[in-house]
Every structure is written in C-alpha cells, then in structure tokens.
Amino acid sequence: MRYIPLGSRRYGVHVPRRVAKSPALVVALHGGGLGSPEQHARMTGWSALADRERSFVVVYPEGLKATWNAGNGALGYAGRSGVDDVGYLSSMLLDVARRYAIDDRRVYLSGFSNGSMMAHRYAAEDPGLVAAIAGVAGGFSAIPTDVPIS
C-alpha cells in the first residue's frame with residue numbers, strides 16, 4: 001500500500017498491477033478507536049480482491065485519532081471536536097480521481113463500525129458522489145435533521 005499525504009492526514013491506496021481503464025473506487029473506512037488504514041486493509045481483504053478482479057482501486061483514509069465525525073457528536077475525538085470528515089473525504093475523492101482516472105459513476109464506500117457510520121453520513125450529505133455504500137456494524141449515529149432524506 002502506498003500512502004499519500006492530504007492536509008494533516010494521509011490515505012493509503014492500493015492499485016492492482018494491471019488495473020482496468022477507468023476503474024471503480026472502493027473507499028474503505030476503518031472503525032473507531034483502534035482502527036487504522038493498515039489494520040483495516042488487513043482485516044477486510046479489499047486489496048487482495050482488487051488484485052484478483054483488477055477492476056477497482058482501493059483507498060484507506062485515515063480518521064483523526066482513529067475516529068470519524070459521523071455527525072451528531074458521535075464517537076470519539078472527531079465527533080466531539082466537529083472535525084470536517086465530509087470535507088476530508090471529498091478532497092480525497094478529488095485527489096484519487098485526478099491521480100488514477102477513476103470512473104466517478106462507480107465510487108463505493110465501505111466502512112466498519114464508526115467507519116460505517118461515516119459512510120452513511122457522507123452518502124446522506126452528498127448522495128450524488130457515491131454509487132452505493134456498504135456498512136458493517138454501524139448506521140447513522142442519529143437521523144440527521146439537517147439533511148433531506150427521501
């Protein structure tokens with residue numbers, strides 16, 4: 001996995017050797033507390049699947065102090081501090097798309113626990129940027145009142 005700095009954070013990226021032209025993108029969001037990009041890569045097996053399929057790139061963003069601001073004061077440092085993780089992920093998506101010619105119609109978010117909560121929040125706040133999300137062991141920290149849900 002290669003690490004790319006983005007502001008005060010970084011994200012890991014895994015690109016298969018012979019990846020398809022205009023590949024899809026899987027954004028793999030680690031859980032809170034003990035989560036890290038490295039741990040999440042080992043736990044999920046996304047990189048091995050990308051190598052086998054060669055149709056997508058995987059990125060492993062880094063939450064601040066191993067947490068995501070999933071909204072409504074959720075879980076840990078990032079939530080309590082009001083960290084702009086939606087902005088961070090949007091910046092990361094633009095950076096990845098520029099570097100790897102990603103098919104912007106095939107961007108998928110996957111997350112575990114606090115990362116799942118963040119995937120839900122991101123998709124609710126900007127549903128046009130992601131094709132789908134898949135969350136494990138986490139949903140909305142609370143139904144957002146400032147985001148239209150249809």
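In which sense do E3 and strand E4 pair, and over how many bridges? Keep that in mind as you go round this predicted model.

**Start with the whole protein**

Show the full chain as a cartoon. You should find five helices and six strands. Follow the chain from its start and the order reads β-β-β-α-α-β-α-α-β-α-β. The radius of gyration is 14 Å, close to the 15 Å that the globule rule gives for 150 residues, so the protein is as compact as a globular protein of that length. Turn the C-alpha trace along its principal axes: the spans are about 45 × 35 × 30 Å.

Now switch on contacts. Take those between residues at least 6 apart in sequence: 69% of them join residues at least 24 apart.

**Add the surface**

The accessible surface comes to about 7,600 Å². Carbon and sulfur atoms own 53% of that area. Of the 150 residues, 47% count as buried. Colour by charge next. There are 16 positive and 12 negative side chains. The centres of these two sets lie 8 Å apart.

**Select residues 24-29**

This is strand E3, and six of its six residues are buried. Show the side chains and look at each face in turn. Ala24, Val26 and Ala28 lie on one side. Leu25, Val27 and Leu29 lie on the other. Both faces are covered.

**Add residues 56-61**

Here is the reply to the opening question: E3 and strand E4 pair in the parallel sense, over four bridges. Pick out valine 26 on E3. Its bridge partner in E4 is valine 58.

**Add residues 107-112**

This is strand E5, which runs parallel to E3 and is joined to it by five bridges. Which residue of E5 is the bridge partner of valine 26? Select tyrosine 108 to see that partner. Valine 26 thus has a bridge partner in E4, valine 58, as well as one in E5, tyrosine 108.

**Go to alanine 66**

Leave the strands for the loop between E4 and helix H3 (76-81), where alanine 66 sits. Check its backbone: phi is positive, about 60 degrees, although the residue is not a glycine. Is alanine 66 buried or exposed? Its relative accessibility is 14%, so alanine 66 counts as buried.

**Finish at serine 113**

Move to the loop between E5 and helix H5 (114-125) and select serine 113. Serine 113 has a positive phi too, near 55 degrees, and is a residue other than glycine. Show its surface: serine 113 is partly exposed, with a relative accessible area of 25%.

Key. Residues are numbered from 1 along each chain as its sequence is written. This is a predicted model: local features need pLDDT of at least 70, side-chain atom pairs count only at pLDDT 80 or more; totals for chains, interfaces and linings use all residues. Side-chain values use heavy atoms; hydrogens and water are left out. Helices (H or I, at least four residues) and strands (E, at least two) are DSSP runs, numbered from the N terminus. The radius of gyration is taken over C-alpha atoms; the globule rule is 2.2 Å times the number of residues to the power 0.38. Buried means under 20% relative accessible area, exposed over 50%, partly exposed in between (1.4 Å probe, protein chains only). Contact means heavy atoms within 4.5 Å. Accessible areas come from the Shrake-Rupley method with a 1.4 Å probe; for residues, only the protein chains shown count as cover. Lys and Arg count as positive and Asp and Glu as negative; His and the chain ends are not counted. The place of a charge is taken as NZ of Lys, CZ of Arg, CG of Asp or CD of Glu. Two strands pair if DSSP finds at least two bridges between them.
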